[in-house]
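Visitor: Got a minute to walk me through this one? I'd like to start with the pocket and then look at the sheet.

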Amino acid sequence: MSSWSPDPTRFPRFALLDGPSPLQPLARFGAALGGRAEIWAKREDLLPLAFGGNKLRNLEFLVGAALADGADCLVTSGRRWSNHARLTAAAGARAGLDVHLVLTGPPTDPPNPGARLDALLGATVHFTATGERAEREALVQRVAADLRTAGRRPAVVGVGGSGVTGAIGQVLAGLELIEGGATLGFVPDDLVVPSATGGTQAGLLVGVRTAGAATTVHGMAVVPASEVRPKVVALVAGLAEVDGLATVPETEILLDDDQLGAGYGHPTDAADEATALLARSEGILVDPIYTAKALAGLVARVRAGLFDGRRVVFWHAGGTRGLFEPLDR
């Protein structure tokens, strides 16, 4: 198994994690699906800050870069339930950086649970008037410009924190997975991961290949696959330019949106069923926006016989706070 660590001069790191996330067997869940596959979960939802979530891995390097550049505040954006936004607020609190969040509106009365948590963590929350992405991006630029005019030094972090710098954290997560599996005596045959902005899937794929594993990474798109695929392709290519990381052919980027349903943020019956099955067999909760749809994709593939006799890891990316968000069906 190959090891790799990022060059700290190119990728400075601000520590937000206190060790590996748990890699747990889901024996009762697997049995409920007929015992056809050996299923495990990588519990990124148990990472230490603000209800956990895999975006903390990106933020170690994004905050590290901001501090190295002399920034004194962070500006980022997302939907009203954004895990990335909440964790950016938490990371900023830990690093002593003010955080401004631009969230898709309009705002609700009372504020939605995500916005309340963002404010509790000390972030200044700016809502757009509509749900248009272009309006949100324009507001990010206005907020950053206003901060500069006021003499502040903002670092603008892209949606999901999924550029190459952020994806370095996911590369390390892929290496951690293979190392953790080896400690338990196995290499995963398959990894099932939710994919929205592309950074997690790209980083994990490059990470497991850098570790020398042949694990198949299945991206379960929670936005149209045609939207996220170019992002994953570009990030995999960008990571290949980093010294020591594997070059992964585009044919190994597997992305499917068969669990998308009516679209991003809209629950599905299959996701609801998968959520209940995991909760009642293992006592583990998943959110309806990201992780439940990836879990539904895993369930569908087990039932179709695609994972028969294989060891499958479900990447629990976090976001369980989304269970408390009002969503449109």
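Visitor: So how do the lining residues of the largest pocket divide into nonpolar, polar and charged?
Guide: In this predicted model, the lining has 18 polar residues, nine nonpolar and seven charged.

Visitor: And how much space lies in there?
Guide: About 660 Å³ for the largest pocket. Its lining has 34 residues, and the closest to the centre are Val-159, Gly-160, Ala-196, Thr-197 and Tyr-290.

Visitor: Which helices and strands supply at least two residues of that lining?
Guide: On the strand side, β3 (73-78) and β7 (190-195). The helices are α3 (83-95), α5 (133-149), α7 (199-210) and α8 (225-240).

Visitor: OK, switching to the open sheet of six strands. What's the order?
Guide: β1-β2-β10-β7-β8-β9, with mixed pairing. β1 (23-25) and β9 (254-256) are the edge strands; each has a single partner, so one side of each lacks a neighbour in the sheet.

Visitor: How much twist, on average?
Guide: From one strand to the next, the average is 25°.

Visitor: Back to β9. How many bridges join it to β8?
Guide: Three, and the two strands run parallel. One residue pair to look at is Met-220, whose bridge partner in β9 is Asp-256.

Visitor: What does α10 touch on the sheet?
Guide: Helix α10 (residues 291-303) touches β2 (38-43), β7, β8, β9 and β10 (311-316), and its direction makes about 165° with that of β10.

Visitor: And α8, which strands does that lie across?
Guide: β7, β8 and β9, with α8 running at about 160° to β9. You've met α8 already: it supplies at least two residues of the pocket lining.

Notes
Residues numbered from 1 in each chain as written. Predicted model: local features only at pLDDT ≥ 70, side-chain atom pairs only at ≥ 80, totals over all residues. Heavy atoms only, no water. 1 Å grid on protein atoms, 1.4 Å probe; cavity = no way out; pocket = protein on both sides within 12 Å on 5 of 7 lines; lining within 4 Å. Points joined across faces, edges and corners; volume = space filled by probe spheres on them. Helix = DSSP H or I, 4+ residues; strand = E, 2+ residues; numbered from the N terminus. Nonpolar A, V, L, I, M, F, W, Y, C, P; charged D, E, K, R; others polar. Pairing = 2+ DSSP bridges. Axes fitted to C-alpha atoms, helices over the stretch in contact; angles between N-to-C directions. Contact = heavy atoms within 4.5 Å.
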